[in-house]
Amino acid sequence: MGSLMESDAKILIVDDDQTNIKFLKEILEDDFQIKTVTSGEEALDIIYDYKPRILLLDIMLPGINGYDVCQKIREDERLSDMKIILVSAKAMISERQKGYDAGADDYITKPFDHEQLLSKIEVILSQEPQ
């Protein structure tokens, strides 16, 4: 990994698909502290205690969807440093725009290349003040 990768960076994966969670964990668990939840409600429950640097947030979730989770986080000043990458099978520009409007920092479409995901995370971490 590049020198920017920090193994203490926390990432919260929010996805209701166990296959996606397994795939993301395999890519990320060697370099980061990973926690996974399967709903937006769970994410909002643990986010204050866990304090992830990056939230990998699936859009299509049961209950509160990813856009709504994103908006709730952006409305809370205590979470202003958290970076949000929306993950979606929807590649349409309108969906992407909706994600940015909700406050997402980046957007990645499934199926994605794991190198692409890692480079997006690396860019985010390199921008963050320590």
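Two residues are in contact here when they have heavy atoms within 4.5 Å of each other. Keep that in mind for what follows, and note that this is a predicted model, in which local features need pLDDT of at least 70, side-chain atom pairs count only at pLDDT 80 or more, and totals for chains, interfaces and linings use all residues. Residues are numbered from 1 along each chain as its sequence is written, and side-chain values use heavy atoms, with hydrogens and water left out.

Let's start with the overall layout. The chain has five helices and five strands, taken as DSSP runs numbered from the N terminus (H or I and at least four residues for a helix, E and at least two for a strand). Walk along the sequence and you get β-α-β-α-β-α-β-α-β-α. The C-alpha atoms fit in a box of roughly 35 × 30 × 25 Å along the principal axes. For 130 residues, a compact globule would have a radius of gyration near 14 Å, and the chain's 13 Å agrees with that; the radius is taken over C-alpha atoms, and the globule rule is 2.2 Å times the number of residues to the power 0.38. Of the contacts with a separation of 6 or more, 59% link residues 24 or more positions apart.

Now for the inside. Buried residues make up 48% of the 130 in the chain, where buried means under 20% relative accessible area, exposed means over 50%, and partly exposed is in between (1.4 Å probe, protein chains only). In soluble globular proteins, nonpolar side chains tend to be buried together. The largest nonpolar core in this chain has 23 residues, and Leu12, Val14, Leu55, Leu57, Ile73 and Leu86 have the most contacts inside it. Such a core is a set of buried Ala, Val, Leu, Ile, Met, Phe, Trp, Tyr and Cys residues joined through side-chain atoms within 4.5 Å. Strands S1 (10-14), S3 (54-58) and S4 (83-88) and helices H2 (40-50) and H3 (66-74) each give two or more residues to this core. Apart from it lies another core, of 19 residues, including Ala9, Ile13, Val87 and Ile108.

Ile73 is a handy residue to click on. Leaving out neighbours within four places in sequence, Ile73 is in contact with Leu44, Ile47, Leu55, Leu79, Met82 and Ile84.

Next, the loops. Leu61 sits in the one between S3 and H3, and it is buried, with a relative accessible area of 9%. Its contacts, again without neighbours within four places in sequence, are Val14, Asp15, Asp16, Thr38, Ser39, Gly40 and Gly66. Leu61 and Asp17 are 44 residues apart in sequence, yet their C-alpha atoms are 9.1 Å apart in space. Ser39 is in the loop between strand S2 (33-37) and H2. Ser39 is buried too, at 12% relative accessible area, and touches Val14, Leu61 and Pro62 when residues up to four places away in sequence are not counted.

Two backbone details deserve a look. Most residues other than glycine have a negative phi, and most peptide bonds are trans. Lys51, in the loop between H2 and S3, has a positive phi near 50°, and Lys51 is exposed at 59% relative accessible area. Lys110 and Pro111 are joined by a cis peptide bond, with omega about -10°. Pro111 is in the loop between strand S5 (106-109) and helix H5 (114-127).
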